[in-house]
Amino acid sequence: MALVHAQPLDVISVRPFAAQLQGAKTHSLLKTGKLQLMRLVLSAGQHVPEHHVPGEITIHCLEGEVVVSTPGLARTLGASELMALPGREPHALRAVTDASLLVTILLHP
């Protein structure tokens, strides 16, 4: 079954899951030719291994707390905080607490 994405001009909710966070799943919200939005859900202690993407990205912590690590830096993001990473920047994520993130990826820089 194909994943249904929102379309440009659709209204997309990124409201915190709050009490439903523990049962929530990661999913792609929108994908166009140049942009992808994902709602990434991580349980406390869960990590995303180091990787990179070709284009610039933003990581917006909607709720919870995560550590974003690059080869020379580790930053903690709490609820309502975000950071931008340049394209091809190796990075990893680790959830300090249950967390949900809005990740925006520029697909074709």
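Two strands are said to pair if DSSP finds at least two bridges between them. With that term in place, I should like to present one sheet of this predicted model and then a single residue.

The sheet is open and is formed by 5 strands, whose order is β1-β2-β9-β4-β7. The pairing in this sheet is antiparallel. Which strands lie at the edges? They are β1, residues 27-31, and β7, residues 81-85, and each of them pairs on one side only. On average, and ignoring direction, neighbouring strands of the sheet are turned by 15° against each other.

Let us look at one edge. Strand β1 is joined by 4 bridges to β2, which spans residues 35-42, and the two run antiparallel. As for individual positions, H27 stands opposite R39 in β2.

I turn now to E63, which is found in strand β4, residues 57-63. Is E63 buried or exposed? The relative accessibility of E63 is 9%, and buried means under 20%, so E63 counts as buried.

What does the side chain of E63 reach? One partner is the backbone nitrogen of F17, at 2.6 Å. Another is the backbone nitrogen of A18, which lies 3.0 Å from a polar atom of the E63 side chain.

Finally, consider the surroundings of E63. Leaving aside residues up to four places away in sequence, E63 touches P16, F17, A18, L21, R39, A79, D98, A99 and S100. R39 in this list is the residue of β2 that stands opposite H27, and F17 and A18 are the residues whose backbone nitrogens I have just described.

Note on methods. Residues are numbered from 1 along each chain as its sequence is written. This is a predicted model: local features need pLDDT of at least 70, side-chain atom pairs count only at pLDDT 80 or more; totals for chains, interfaces and linings use all residues. Side-chain values use heavy atoms; hydrogens and water are left out. Axes are lines fitted to C-alpha atoms, for helices over the stretch in contact, and angles run from 0 to 180 degrees between N-to-C directions. Buried means under 20% relative accessible area, exposed over 50%, partly exposed in between (1.4 Å probe, protein chains only). A polar contact is a pair of N or O atoms within 3.5 Å; within protein, one must be able to donate a hydrogen and the other to accept it, and residues adjacent in sequence count only if both atoms are side-chain atoms. Contact means heavy atoms within 4.5 Å.
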